[in-house]
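Here is a friendly briefing to read with the structure open beside you. Take it one topic at a time, and find each residue as you go.

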Amino acid sequence: MRFNDTQEQTGAPLIDPFGRTIDYLRLSVTDRCDFRCVYCMAENMHFLPKAEILTLEELDRLSTAFIEHGVKRLRLTGGEPLVRKGIMTLVSSLSRHLETGALEELTVTTNGSQLSRFAKDLAAAGVRRLNVSIDSLKEERFRAITRWGRFQQVMDGIDAALAEGIKIKLNVVALKGVNEDEFDDMIRFCHERGMDLTFIETMPMGEIDQDRTDQYLPLSKVKQDLAQNWTLTPTPYKTGGPASYMNIKETGGRIGFITPLSHNFCESCNRVRVTCTGTLFMCLGQEDAADLRAPLRASESNDGLMQAIYHAIERKPKGHDFAIDRLTNRPSIGRHMSVTGG
Ligand code: SAM
Ligand code: SF4
């Protein structure tokens, strides 16, 4: 699709070369975090200087431009989105698009540490669903994985969000030899509370302090193991994301699986990601990107911004090519997940 003035004026939808309408935006609002999960960050991270990070106003303007061109679902992520100073100002402001119906869903992916503080405001702003990442229900182990996390604080946060009527999906990264003995307990924990649960395979993104090939646990193996204890049946249920779901007869709940390495979920990919510096990534697993910060800062008009977005969407690839390079053990994607957002 070629960008022209008419498209900008009419708010023409963003359609990629494979006919996929882009209606889902993941926006990272910060690269900073109050945790240092071992698979995500090195302990001593260098964070970006403030001037490189989009201001709250710029994040709002950028989101609004996407929403005016067909984005219906917006997920805020990070780093830890809820440690961004003034984050609730942004969330409350974006909620105007929920009120008009232009935006169907505003969600947040969080480590849960700040939820006790923000659950009420998030609910008031129209946030109905949250993804909370937690990789162990054992306090000591949780501490070892997150390095800096406080388990009880996260548990309290989850309770606070549930009390506000917010639906929670727990995201668990499956880590070989680290948390695989807890998956049955996690299913019980989630389904007793009416929460969904999704397992994620580790993705080779960014330099960390450890060997990733040691951590990699294929979800095909997880499924096989779970099938020993639970009656799993596939379900066509979809949330618009890359997870495939299975129902569990014994609990009446469902579990999801996100398998970026062992399974290709690209065909139906309708999403793009923007980093906290305003870099648009058309695919989580590829390096190609477009700078939106320069056009955003160059003019108060959105013409240049939309031109950059349309041109980038024209280059959205059909699929990704993730792999841990087993010879060098280098990640196939150099940037950290905390930069692009999960
Ligand atoms: N801090 C928030 C959190 O942890 O939910 C949001 C950002 S975090 C980068 C988003 C998700 O990415 C989390 O569920 C996290 O577990 C996951 N993640 C981070 N690095 C990953 C990696 N290398 N492979 C797979 N998942 C990863
Ligand atoms: Fe922070 Fe989330 Fe990365 Fe953990 S996974 S270090 S909570 S950004």
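**Around ligand 2**

The residues around ligand 2 are Cys 33, Phe 35, Cys 37, Cys 40, Met 41, Gly 79 and Asn 111. Keep in mind that this is a predicted model.

- Sorted by class, this shell around ligand 2 holds 5 nonpolar and 2 polar residues, and no charged residues.

**The sheet as a whole**

- Twelve strands can be hard to follow, so to speak, but their order is a good map: the open sheet of 12 strands runs β7-β8-β9-β6-β5-β4-β3-β2-β1-β10-β11-β12, and its pairing is mixed.
- Why is one side of β7 and of β12 left without a neighbour in the sheet? These two strands, β7 and β12 (289-291), stand at the edges and each has a single partner strand, so one side of each has no neighbour there.
- From one strand to the next, the twist averages 25 degrees.
- Helix α2 (residues 56-68) packs on the sheet, where it touches β1 (24-28), β2 (73-77), β10 (271-274) and β11 (279-281).
- The direction of α2 makes about 170 degrees with that of β1.

**A closer look at β7, β8 and β9**

- Strand β7 (residues 232-235) and strand β8 (residues 244-248) run antiparallel and are joined by 4 bridges.
- To see how these two strands line up, find Thr 233, which stands opposite Asn 247 in β8.
- Strand β8 also pairs with strand β9 (residues 254-258), again in the antiparallel sense and over 4 bridges.
- Which residue of β9 is the bridge partner of Asn 247? The partner is Arg 254.
- Met 246 stands opposite Ile 255 in β9.
- The hairpin of β8 and β9 has 5 residues between the strands, and in this hairpin Gly 252 takes a positive phi near 75 degrees.

**The second largest pocket**

- The second largest pocket has a volume of about 330 Å³.
- How many residues line this pocket, and which are the closest to its centre? There are 13 lining residues, and Arg 32, Lys 50, Ile 53, Arg 84 and Lys 85 are the closest to the centre.
- By class, the lining of the second largest pocket is made up of 6 nonpolar, 2 polar and 5 charged residues.

Note on methods. Residues numbered from 1 in each chain as written. Chains lettered and ligands numbered in written order. Predicted model: local features only at pLDDT ≥ 70, side-chain atom pairs only at ≥ 80, totals over all residues. Heavy atoms only, no water. Pairing = 2+ DSSP bridges. 1 Å grid on protein atoms, 1.4 Å probe; cavity = no way out; pocket = protein on both sides within 12 Å on 5 of 7 lines; lining within 4 Å. Points joined across faces, edges and corners; volume = space filled by probe spheres on them. Nonpolar A, V, L, I, M, F, W, Y, C, P; charged D, E, K, R; others polar. Axes fitted to C-alpha atoms, helices over the stretch in contact; angles between N-to-C directions. Contact = heavy atoms within 4.5 Å. Near = heavy atom within 4 Å.
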